[in-house]
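Subject: Structure handover

Hello,

Here is the structure we talked about, with the sequence alongside. My notes on it follow below.

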Amino acid sequence: MRTETAPVVRLVDYRPSDFLIDRVELDVRLHPSETRIKAILSIRPNPAGRADAPLILDGDELRLLDLAVDGTALPPDAFAATPQNLTLFDPPRAPFRLTIETVVDPSANTKLMGLYRSGGVYCTQCEAEGFRRITYFLDRPDVLSVYTTRIEAEAGEAPVLLGNGNPVAAGAIPGTSRHFAVWEDPHPKPAYLFAIVGGRLDRVAEPYRTADGRDAEIAVYVEPGKSERAAFALDALRRSMRWDERVFGRNYDLDVFNVVAVSDFNMGAMENKGLNIFNDKYVLASPQTATDTDYANIEAIIAHEYFHNWTGNRITCRDWFQLCLKEGLTVFRDQEFSADERSRAVQRIGDVRTLRARQFPEDAGPLSHPVRPTEYREINNFYTATVYEKGAEIIRMLKSHIGAADFARGMNLYFERCDGTAATVEEFLACFAEASGRDLSHFARWYAQAGTPRVVVSGTYDAGGRTYRLDLAQSTAPTPGQPLKEPVVIPVALGLVAEDGGRLDAHSPRVRDDGVFVLDRASDSILFSDVASRPVPSVFRGLSAPVRVALDLSDADLLTLLRHDTDPFNRWQAGQSLATRLLVRLAGVSRPDGAEAEGLAQALLAFLRGNAEADPAFAAQVLSLPSEAEIAQEIAADVDPDAIHRARKAVRAHVGGALRGELMRLRDALASSAPYSPDAASAGRRSLRNMALELIAAGDSGAGAGLVAAQYRDADNMTDRLAALAVNAGLPPSAEREALFQDFYDRYRAEPLVLDKWFAIQAAMPEDGTLERVLRLMNDPAFSITNPNRVRSLVGSFALNNATQFHRADGRGYAFLADMVVALDGTNPQVAARLLTAFGTWRTMSAERRQGAEAALRRVASKPDLSPDVSDIVHRSLG
Ligand code: ARG
Ligand code: ZN
C-alpha cells in the first residue's frame, strides 16, 4: 500500500513508548519466497508511558499467520492486524510474552529493506524502519532489547548462517536437508541494528585480542571465489579496532565481528551489531579491479561502521531526529582515522571538497534542513550530506572550540554516562559543557539552524601604528521554514603571513595561543599590534568552520599564501581561490581566452618545482582545478553550465600547455617499477602522475592520446588503467577512443564493479551524444535496473557528474532523469528518491533550464501512487 503524502513526524511530538520489549526470541526459517518468522517478545508497560494505552506494533507489507499472548490465542475482537500495524486493544498491564508469526517473500523484496535476497544470499537491512518488514514490532530506536536469533535454512542453499552477537549453537536438522544456527546478542539494541545473513560465502578471518584482553575472531565474508579480494578490508578492520582503542579508549565487546559483502545494497554499509553488512563495492579490492580511491573508501567505510559499535550501537539515538548524534560523530571519527593512517592535509582537502560538492549545495537549495531536523515525512530522505558531513564539521568545531583535552574528557564522560542508552544531542553536549565548564547553548545553534553561514573578512594595515585590523561579519541566508537567522559560534583558525614569507610576530589578546579566534556575534574585529610589515591574512585554516569565506585578496596575496602559508590547507585554498576567480570571470564571456590563465599557470609551475616530489598527493590536489559544480555554486544564479565548461576547458588547455615540460618530467620521475601497493604514498605518486596526464591531454589532445594508449596498455593496476580511460573519454571523438572503451569492456565483462566505472565515465562525458550513449548503455547486458550500484554508476553519474548534459538547455537531460525516477519508484523508492535529489540546484540555473527542470519535476509530482520517498523529495524540490 502506498500513500501519496505520508504524515509529518515532528520532534516536538516525541514521547516515550507506552511499552518496552526486554527480550526478543526469533526463529527465522529461510525460504526463497516464503520465509517464516516466529517472534516471541517479552513485553511490559513502560513506567514512563501511558497506563491505559493500546499496544500498536509497526509493520510494513506484513502478513500475520499466528498470534498468542502468554501462549494463548487471542479472540478476534482483541486485536487488529493490517500489513502496517498489529494492535492489541487492551494488552496485559503486567509483563507478558507475545508470540507473532509472520511470513515474507525475500525474493520479491526489491526495495532492499527488511529481509531480501542478493545474488542468492539472504540478508537484511533494517535501518531506519526495515525490521517492521520482518515482524511486527515497536520499531523505534528507543526500544532496546536483548535478542536471541535462531536461523534455519537448506544446508545447500545457505551453508553460512550469521546473526548478531555470539554464535551459541549450530547443527543439522536430522532427517532433513536443513540446518540451523543460534546467535545471542547480550547487548540491548534497537531493532534497526538487527541483522541476519544466510548463503554461500567464502571467509577470511584472523584472531584479534582487544587492548582490555578479550579474544575475538574478526572475519570478512564475500562471494565464493573472491576471498583474496577481502584481505584489504580485513586489514582495515584490524587497524580501525586498534585506532579506536588508542585514540578513543574503545574496546570491542563481543567474541566475533563479522563483515559481509553483498552486491545489492541501497547505501554504503550498515553497522548491525557484530554483523556489519556492506555494499560489496566497499569491501572487495584487488590491484586489478580496485582503484586507489576504492581502497581509501573501503578503509574509511570499514572504519566508519566499526566505530558505530560505540557511537551508534552502545550509545544509540532516542529518535531519528537525533541521527546526527551517531552519524556526524562517526563520520568525524572515520575522517580522523583516515587522517592518522594517511596524510592529514590531503585528507582534509578531500573532506572539504566533499562538503562543498554535496553539503553546501544541499544547504543552499530547496532540500536544506538543519543537522538535527525538526520534522520529516520519510526518514530515509534524511541520510544526507547535511546530517553526515555538516554533522561531522560540528564535532570538529566543538573540538577546536573547547580544545582537544576537554573534548577528550567530554567523549569519555559521554561513553560512561550514556552507555546502553538511546541518547539525544542535548545529552551529548551536556557532557562537553560539564567537561569544559563552558556554556554550550549558543554553540548548539549549529544543530538547529540550516544554511551555510557566509563570513565576510577584510583587513586594514596601519604602517604608522604597526597595527593590523581584521573585520569579520557573518550572515546566513534564509532557508525553507527559517526566514530569520541568528549568529552562530564560528571558530576561526587564523594567522598572518608576511609578504616575503618571513615570520610575523603579531599579537592580539582576542586570538588564543592555538591561533583560534571565536566569532560568536554578527560582526567583530581583531586588532593585532606590533605588526612589522603589511601581512597577508590566512583565515579559516583547515576550514575551521563549515562556512563560505568572502575575503578579497589580490592575486599577489593569494600567491604569497600559496607559496608561504604554514597551513597546507590554506596553501591549497589559495590556489583554488586564484583559479575560481579566473574561472568565474571567464564563464561570463562567450569566447574565453585561455591565455588569461598564464598567471595561474606560472604560479602552479613554481609550486610544482618546489613541492611536487616532496608531497605528490598534495601537489595533485593543488593542480586540480575547482569542479564545474564549484564554479556554478560561486556564480549561484542563472547558471549556464556550457559557459562554465568552456571556461574550464580553456584554462585547463592553457595550463596543460604551459606546464607540459614539467608535467612530462614529473611523470617520469614519479613512475615506479615496484609492484602495486595501495598505501597513501604510492597512491599519491599515482595521483600526481595521472593529474599530469589529464593536463597534458587537455593542452594537446594528440600527445594526450599517445600517452593514454600507452598507459592504458601497460598499466599493471586499475588506478592507472582507469585514469587512462577517463582521460580517453575527454579526447575528441574518434574510432580509437571508442576502441579503448570496447577493450575495457571486453577485459572486464565478468566484473560488475569494474564495469560500474566504465558506465560512470561514459555517463559523465561532456558532449552532445552522451544522453544517447546512456540510453544505449541501459540496454547493455551488464546493466541492471534493479541493482543500485549499476543505477548509480550510469544514471547517477549522468545526473551528478555531467553538468552540461544533465542540464541540457533543451530539457532532455531532466526529462530522462524524471523518467528514470518514475520507473525506479515502483521497485526501489529509496534509490529513486536519491536520484531525484540531483534536481536540487534547479533554481540556480538559467531561465530556459529552470523551465525544463520544473516541467520534469511537475511530471514526477503528477504521477499517481508515488512512494512517500519520492513524493517527499519532489514536493520539497518544488516548494
Ligand atoms: N547507518 C548506516 C551508515 O551510515 C547507513 C544506513 C542508512 N540506511 C538507510 N536506509 N537510510 O553507516
Ligand atoms: Zn554511519
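**Notes on the model**

E61 counts as partly exposed because 16 C-beta neighbours fall inside 10 Å. Please bear in mind throughout that this is a predicted model. E61 sits in the loop between β4 (55-58) and β5 (63-69), and its phi is positive, about 60°, although the residue is not a glycine.

F540 is another non-glycine residue with a positive phi, here near 50°. Its place is the loop between β31 (535-538) and β32 (548-551). F540 has 23 other C-beta atoms within 10 Å, so it is buried.

One backbone feature to check by eye is the peptide bond between E127 and A128, which is cis, with omega about 0°. A128 belongs to the loop between β11 (121-125) and β12 (145-154).

Before β1 (9-10) comes a segment that contains P7. P7 counts as exposed because it has 8 C-beta neighbours inside 10 Å. From P7 to I40 is 33 residues in sequence and 30 Å in space, C-alpha to C-alpha.

**Annotated domains**

The UniProt record, an unreviewed entry, gives three domain features that I looked at:

- "Peptidase M1 membrane alanine aminopeptidase" is placed by UniProt at residues 232-445. In the model this span is 56% helix and 9% strand, and its end C-alpha atoms are 41 Å apart.
- "Peptidase M1 alanyl aminopeptidase Ig-like fold" is placed by UniProt at residues 451-550. The span has 0% helix and 43% strand, with 16 Å between its end C-alpha atoms.
- "Peptidase M1 alanyl aminopeptidase C-terminal" is listed by UniProt for residues 555-878. Here the model has 72% helix and 0% strand, and the end C-alpha atoms lie 40 Å apart.

**Helices**

Helix α3 covers residues 323-341, 19 in number, and runs 27 Å from first C-alpha to last, close to the 27 Å expected at 1.5 Å a residue. Most of α3 is covered, with 16 of its 19 residues buried.

How do α16 and α17 pack? Helix α16 (residues 680-699) meets helix α17 (residues 701-714) at an angle of about 145°, and the axes are 6 Å apart. The crossing of α16 past α17 is left-handed. On the α16 side the contact uses L693, I696 and A697, and on the α17 side S701, A703, G704, L707, V708 and Q711. By class, that contact has six nonpolar residues, three polar ones and no charged ones. As a general point, an α-helix has 3.6 residues a turn, so residues three or four places apart point the same way.

Regards

Definitions and conventions
Residues are numbered from 1 along each chain as its sequence is written. Chains are lettered from A and ligands numbered from 1 in the order in which they are written. This is a predicted model: local features need pLDDT of at least 70, side-chain atom pairs count only at pLDDT 80 or more; totals for chains, interfaces and linings use all residues. Axes are lines fitted to C-alpha atoms, for helices over the stretch in contact, and angles run from 0 to 180 degrees between N-to-C directions. Helices (H or I, at least four residues) and strands (E, at least two) are DSSP runs, numbered from the N terminus. A crossing is left-handed if the near helix is turned anticlockwise from the far one by less than a right angle, and right-handed if clockwise. Two residues are in contact if their C-beta atoms, placed from the backbone, lie within 7 Å. Ala, Val, Leu, Ile, Met, Phe, Trp, Tyr, Cys and Pro count as nonpolar, Asp, Glu, Lys and Arg as charged, and the others, Gly among them, as polar. A residue is buried if 20 or more other C-beta atoms lie within 10 Å of its own, exposed if 12 or fewer, and partly exposed in between; C-beta atoms are placed from the backbone. UniProt positions are given in the numbering used here, feature names are shortened, and annotations may be inferred rather than shown by experiment. The expected span of a helix is 1.5 Å times one less than its number of residues.
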